Amino acid sequence: MMTIRKTDPKDIEAVLEIYEHAKEFMHTHGNPAQWADGYPNRKSLEADYENGVSYVCLDGENVCGTFALLLTEEPTYQSITGGSWRKDASYGTIHRIASDGKTRGVSKAVFDFCSKICPYLRADTHENNLPMQRALVRYGFKSCGTIYVSDGTPRIAFDYIRE
């Protein structure tokens, strides 16, 4: 049974390893542009931890996944092109979701956890990140259009409304 809790300082190295695995997976599976140039890294993880938005997924005592859940407005979501958000309401944003590549069900556990905290969720991913797109759609997220992250590159925007 997978459990989720806030990231603890003792989890930092395991999360950094998961990020490295995820970067390697994306780069070798047709998505070399996302998470390039060393991002996410220790600095971004420590900022997430300090802001209380970093979480880990545990398979027993083993850290098998990680993500950030922000319950504040995401600045890059202010403008969306080629569509629109399905709801104009407070939302939670899921960022930096990654797994160790060995443990099944991490994305579903993350989405279940987040939707219990916030009934309206948003997320985005690179157009070449097909595994994440499939996970989002399989869970019930809907594609809403395109947003542009801080470096100006496009991302497919998704939202989820808990019924």
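These exercises work through the sheet, the helix contacts and two buried residues of a predicted model.

The model is predicted, with local features needing pLDDT of at least 70, side-chain atom pairs counting only at pLDDT 80 or more, and totals for chains, interfaces and linings using all residues. Residues are numbered from 1 along each chain as its sequence is written, and side-chain values use heavy atoms, with hydrogens and water left out.

**Exercise 1. Lay out the sheet: which order do its strands take, and which strands stand at the edges?**

Step 1. Helices (H or I, at least four residues) and strands (E, at least two) are DSSP runs, numbered from the N terminus. Two strands pair if DSSP finds at least two bridges between them.

Step 2. The sheet is open and has 7 strands. Their order is β1-β2-β3-β4-β5-β7-β6, and the pairing is mixed.

Step 3. The edges belong to β1 (2–6) and β6 (142–148). Each has a single partner strand, so one side of each lacks a neighbour in the sheet.

Step 4. From one strand to the next, the twist averages 30°. Axes are lines fitted to C-alpha atoms, for helices over the stretch in contact, and angles run from 0 to 180 degrees between N-to-C directions.

Step 5. Take one pair. β4 (residues 92–99) and β5 (residues 120–125) pair in the parallel sense over 3 bridges. I94 stands opposite A123 in β5.

**Exercise 2. Place α3 and α4: which strands do they touch, and at what angle do their axes cross?**

Step 1. Contact means heavy atoms within 4.5 Å. α3 lies across β1, β2 (54–59), β3 (62–70), β4, β5 and β7 (154–161). Its direction runs at about 160° to β4.

Step 2. α4 packs on the sheet and touches β4, β5 and β7. The direction of α4 makes about 20° with that of β7.

Step 3. The axes of α3 (residues 106–117) and α4 (residues 130–139) come within 10 Å and cross at roughly 50°. α3 and α4 are therefore oblique. Angles under 35 degrees count as roughly parallel, over 145 as roughly antiparallel, 65 to 115 as roughly perpendicular and the rest as oblique.

Step 4. S107, K108, F111, D112 and S115 of α3 make the contact with M132, A135, L136 and Y139 of α4. These residues divide into 5 nonpolar, 2 polar and 2 charged. Ala, Val, Leu, Ile, Met, Phe, Trp, Tyr, Cys and Pro count as nonpolar, Asp, Glu, Lys and Arg as charged, and the others, Gly among them, as polar.

**Exercise 3. Classify the packing of α1 and α2: which residues meet?**

Step 1. The axes of α1 (residues 12–28) and α2 (residues 42–50) come within 10 Å. They cross at roughly 130°. α1 and α2 are therefore oblique to each other.

Step 2. From α1, I12, E13, V15, L16 and Y19 meet R42, L45 and D48 of α2. The contact divides into 5 nonpolar, no polar and 3 charged residues.

**Exercise 4. Are H95 and D100 buried or exposed, and what do they contact?**

Step 1. Buried means under 20% relative accessible area, exposed over 50%, partly exposed in between (1.4 Å probe, protein chains only).

Step 2. H95 is found in β4. Its relative accessible area is 13%, so H95 is buried. Leaving aside neighbours within four places in sequence, H95 contacts F67, A68, L70, E74, Y77 and D124.

Step 3. D100 lies in the loop between β4 and α3. At 12% relative accessible area, D100 is buried. Leaving aside neighbours within four places in sequence, D100 contacts I18, H21, V63 and C64.
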